[in-house]
Amino acid sequence: MAEVSIRNVSKSYGDNEVLHGVSAEVKDGEFIVIVGPSGCGKSTLLRMVAGLEEITSGKISIGGRVVNNIEPKDRDIAMVFQNYALYPHMSVFNNMAYGLKLKGLPRDEIRRRVEEAAKTLQLEDYLGRKPRQLSGGQRQRVAMGRAIVRNPAVFLFDEPLSNLDAKLRVQMRVEIRKLQHRLGVTSLYVTHDQVEAMTMGDRLIVLHDGHAEQIGAPMELYENPATRFVAGFIGSPAMNFMEAEVSDQKAHIGGEAALPCPPGAPGGKVVIGVRPEHFALAEDGAAGLKIHVDVVEALGPDTLVHGHIAGQSEDIVIKFHGSPRFAVDSIIAVKAPPEKIYFFDPGTGRRL
Amino acid sequence: MIEKRPLANAISHTVLILGVLVVAFPIWVTFVAASHDAVRMTQVPLPLLPGGHFWENLKYAFSKGVGNAREISVGMMLLNSLIMAMMIAVGKIAISLLSAFAIVYFRFPFRMGFFWMIFITLMLPVEVRIIPTYKVVADLGMLDNYWGLSIPLIASATATFMFRQVFLTIPDELLEAARIDGAGPMRFFKDILVPMSRTNIAALFVILFIYGWNQYLWPLLITTDKSMYTIVMGIKNMLEAAEEAPEWHLIMMSALLAMLPPIVVVVGMQKLFIRGLTETEK
Ligand SMILES: Nc1ncnc2c1ncn2[C@@H]1O[C@H](COP(=O)(O)OP(=O)(O)OP(=O)(O)O)[C@@H](O)[C@H]1O
Ligand SMILES: [Mg+2]
């Protein structure tokens with residue numbers, strides 16, 4: 001068990017700086033998800049914690065010990081890779097046992113640990129098989145097993161579920177969370193999937209272009225995004241953004257319609273954000289925001305309406321409960337509660 | 001091919017059978033000749049059916065020498081060839097594995113320089129550098145021994161490249177997983193790279209063993225001591241019997257024996273060999 005502390009860590013490849021001073025404190029036993037779009041530096045950050053990538057500047061410590069110059073094997077970590085990185089010529093048993101053998105643990109201790117992990121992960125029947133004789137989900141579990149048997153202070157996961165099909169992904173997501181909860185091992189989990197991030201993490205680090213945009217609990221980020229990027233990234237479907245002119249506690253969108261704003265709303269030109277699930281049909285048609293319906297997706301419990309507002313560059317997605325019917329190319333009028341409207345600086349993207 | 005076309009089938013079979021006959025006939029003649037005695041082999045027409053002296057000739061070959069190579073038995077020459085071919089094959093594989101490992105996994109100064117140096121040796125086969133190589137081997141006192149027979153033939157750019165390609169297909173994550181597991185470089189090499197290249201090693205072994213077995217020019221040059229003769233050059237020597245006519249029945253028996261080890265190697269490693277040349281799944 002250990003806390004991980006990342007202090008002002010940067011990474012450059014030659015002249016190309018890909019992480020610009022990221023800081024985060026991970027508490028003992030916490031499950032932290034590092035999330036962000038492709039290429040934002042998630043893997044790089046994780047690999048620096050693992051010791052697979054040199055730290056250009058800043059400090060990383062695990063359990064109070066600065067590990068900048070410590071070999072991966074001595075950092076007391078275990079890592080699960082996206083492609084699992086199982087040793088293809090070794091049996092499942094040996095895949096899990098390899099690290100322990102190199103540590104010089106006695107045979108029966110190795111056997112005991114591997115069998116225990118296999119039991120936890122329901123791999124007992126496959127211990128003699130080679131990785132290529134396993135399904136994707138089983139391989140994933142072997143990779144997990146290899147991490148568990150080491151009994152590390154920190155688990156590192158780099159998109160471990162992205163090679164699985166959607167259903168299995170949901171299942172493994174829960175499994176990993178349960179397992180981590182039971183073992184109580186501090187975990188850093190990288191994903192680009194915001195649903196995974198929201199459902200798994202105690203706290204999230206949202207990375208964007210090598211910056212930590214915001215760090216916080218999932219609901220905190222959902223309710224209180226610090227930037228337009230975080231607001232757009234967390235939540236599915238993503239938040240809708242509209243250019244607006246605020247005056248008299250009203251946000252004028254495209255000149256014609258207006259949404260009422262909460263008291264104390266910033267004035268002038270802003271970008272306003274409304275989540276798809278916060279829109280509702282305006283009872284009094286005339287007062288609402290007019291949306292031109294382009295596509296209607298009935299999902300069962302919900303219905304998604306994709307549409308656009310005249311004069312706005314970004315399309316609008318609205319999520320209605322149940323299955324109301326809308327005709328394509330019709331115009332619907334919607335409203336949003338004032339306290340659910342977010343205001344962002346059009347230039348910097350900061351929340352106002 | 002699922003479609004049935006009788007004519008095409010007949011033609012392709014004819015061609016294949018003819019091909020087999022062309023390859024097999026000389027071997028048959030060799031076998032037949034090895035089973036007759038000296039007298040029969042000097043009469044025309046030459047026999048096309050086996051005679052009754054096969055075991056006798058075989059026993060002779062393992063105990064005594066023939067023709068100009070009378071001082072060394074055929075059996076000893078086979079042993080020399082075997083040792084030389086094994087040293088070359090194993091040596092080449094060991095050296096190439098290590099150099100490919102160094103080139104792919106280590107960042108050292110002049111890495112690309114070394115890479116190109118190895119590459120350039122492709123242009124310098126033994127035949128081209130034979131005189132300087134002879135000089136070096138002679139100065140090192142390796143004439144007339146197994147080291148001299150094999151070491152100059154061991155360096156191999158081709159095998160190095162092959163292993164380099166194999167290593168490049170192994171995902172980096174495997175190295176990283178091994179590092180986290182606590183494997184140092186040589187551990188990683190021994191526990192992961194070598195076992196993963198198993199089929200390629202087998203394929204290469206077959207090719208290199210035959211290459212070593214068939215060496216003619218180099219052994220001819222550096223062995224003066226007849227006890228170091230290899231079978232391939234030995235057969236040539238048997239033909240140059242000073243006064244008498246060549247003892248064809250014994251020469252053919254030697255030739256027959258010389259063919260055996262490569263066949264054993266090919267047949268024995270056939271499965272791995274084919275997997276090594278075709279398998280890409282890693
Ligand atoms: N070895 C390298 N040399 C140079 N640039 C690199 C190297 N590795 C990564 N980068 C760059 O660093 C940036 C971050 O890469 P990283 O792999 O951390 O992204 P990521 O967030 O994990 O993306 P993904 O979700 O696609 O895995 C990328 O722009 C990438 O091009
Ligand atoms: Mg990545």
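Which element gives the largest share of the lining of the largest cavity? That would be α9(B), with three residues. Keep in mind that this is a predicted model.

**The enclosed space**

The count comes to one cavity of 30 Å³ or more, and about 50 Å³ of space lies in it. Its lining draws on both chains: Ala78(A), Met79(A), Phe81(A), Arg146(A), Ala147(A) and Arg150(A) come from one, while Ala177(B), Ile180(B) and Asp181(B) come from the other. In terms of elements, β6 (77-80) and α4 (136-149) of chain A, along with α9 of chain B, each give two or more residues. Class by class, the lining of the largest cavity has six nonpolar residues, no polar ones and three charged ones.

**The open pockets**

Here is how the two largest pockets line up.

| Pocket | Volume | Lining residues | Classes in the lining |
|---|---|---|---|
| Largest | about 530 Å³ | 23 residues | eleven nonpolar, three polar, nine charged |
| Second largest | about 430 Å³ | 20 residues | 13 nonpolar, four polar, three charged |

In the largest pocket, the residues nearest the centre are Tyr105(B), Arg107(B), Asp172(B), Leu175(B) and Glu176(B). Helix α9(B) turns up again here, giving the largest share of the lining with five residues. At least two lining residues each also come from α1 (42-50) of chain A and from α4 (74-105), α5 (111-120) and α8 (157-169) of chain B.

For the second largest pocket, look around Lys92(B), Ala155(B), Ser156(B), Thr158(B) and Tyr211(B), which lie nearest its centre. Both α8 and α11 (198-213) of chain B supply at least two residues of this lining, and α11(B) has the largest share, with four residues.

**The sheet in chain A**

Chain A also has an open sheet of four strands, in the order β2-β1-β4-β5, with antiparallel pairing. Strands β2 (16-26) and β5 (65-66) of chain A sit at the edges with a single partner strand each, so one side of each has no neighbour in the sheet. Seven bridges join β1 (residues 4-13) of chain A to β2(A), and the two run antiparallel. One bridge to look up is that of Ile6(A), whose partner in β2(A) is Ala24(A). Packed on the sheet is α1(A), which touches β1, β2 and β4 (57-62) of chain A, and its direction makes about 115° with that of β1(A). That helix ties the sheet back to the pockets: α1 of chain A is among the elements that supply at least two residues to the lining of the largest pocket.

Note on methods
Residues numbered from 1 in each chain as written. Chains lettered and ligands numbered in written order. Predicted model: local features only at pLDDT ≥ 70, side-chain atom pairs only at ≥ 80, totals over all residues. Heavy atoms only, no water. 1 Å grid on protein atoms, 1.4 Å probe; cavity = no way out; pocket = protein on both sides within 12 Å on 5 of 7 lines; lining within 4 Å. Points joined across faces, edges and corners; volume = space filled by probe spheres on them. Nonpolar A, V, L, I, M, F, W, Y, C, P; charged D, E, K, R; others polar. Pairing = 2+ DSSP bridges. Contact = heavy atoms within 4.5 Å. Axes fitted to C-alpha atoms, helices over the stretch in contact; angles between N-to-C directions.
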